[in-house]
Amino acid sequence: NGGRLLADLPPGTHDEHGSPRDDAARFSTLFAGDRGVCLGRSANQDSTDALDKAVATLGIHGAVRWQAADGRPPQRVRMYRFQLGRTRYLGILPSAAPEVEAEGPLTIDLPEEYNVYDCRAGTRLGSLRRLTVALRPGEPHVLALLPHKPTGIQATASFARNSLTVSATLAAAPEPADHVFQITVTRAGEAQPFSCYTRGVVAPQGRAEITIPLALNDPDGEWTVQVRDVATGLGAVAKAVLARQ
């Protein structure tokens, strides 16, 4: 129905018991035209050239194209794609083998121009349609592809009815896409965030509000709330005073 078909060995040649079918060639017509390719042998690590040729014959092009330093598809790197509304994420996972460095740097071609961020470093790489990524054994990259350029976060925190309410808004033009915020809470008199109150929340159109129930023995005093946008690394700090006495 308008799709494309790629097989390594001819399909449907045996039944569920492993016995040859009398009509073993009944699918052969599917591979007779330009919409289907059968390699005729099991695909393995030596089949890269045959697979590349088959994909080219079928006219299939990925939304994100990439190549190693020699112009060929990477052999020791995996790419994972995620989508949250209009925001795209790319996860790039090199092998832990030392040979992976010889494949880099990777060149990645995007379907359109995006504001590209290195999520792990919390830095903006620029407004790009093509980018390069260095490879180091076992060191992953997480890239956010945004349709806009966020300029900051505003956050507020308040206590009411034995709970903490945190609101955060991402500023961007045009209107922000969906994001994910990490929220950490440091209680009064403590130096480190309290892990039980750490939250990761989806922020539709860059806005989120959560309410965290408090324990009865939580300390009074000034609390600190930090909000960080996972995609860009932008953050904000809000203060609130708990006084139950």
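These legends describe close-up views of a predicted model.

Residues are numbered from 1 along each chain as its sequence is written, and side-chain values use heavy atoms, without hydrogens and water. Local features need pLDDT of at least 70 and side-chain atom pairs count only at pLDDT 80 or more, while totals for chains, interfaces and linings use all residues.

**View 1. The two faces of helix 1 (residues 48-58).** Thr48, Ala54 and Leu58 of helix 1 are buried (under 20% relative accessible area, 1.4 Å probe, protein chains only). They lie on the same side of helix 1 because they cover an arc of only 130 degrees around the axis, taken from the directions from the helix axis to the C-beta atoms. Lys53 and Ala56, on the face turned away from the buried side, are exposed (over 50%). Strand 1 (5-7) and strand 2 (36-38) are among what covers the buried residues. Helices (H or I, at least four residues) and strands (E, at least two) are DSSP runs, numbered from the N terminus.

**View 2. The end of helix 1.** Gly59 follows helix 1 and has a positive phi, near 70 degrees.

**View 3. Surroundings of Thr107 in strand 6 (residues 106-118).** Thr107 is buried, with a relative accessible area of 14%. Leaving aside neighbours within four places in sequence, Thr107 is in contact (heavy atoms within 4.5 Å) with Arg65, Trp66, Gln67, Arg130, Leu131 and Thr132.
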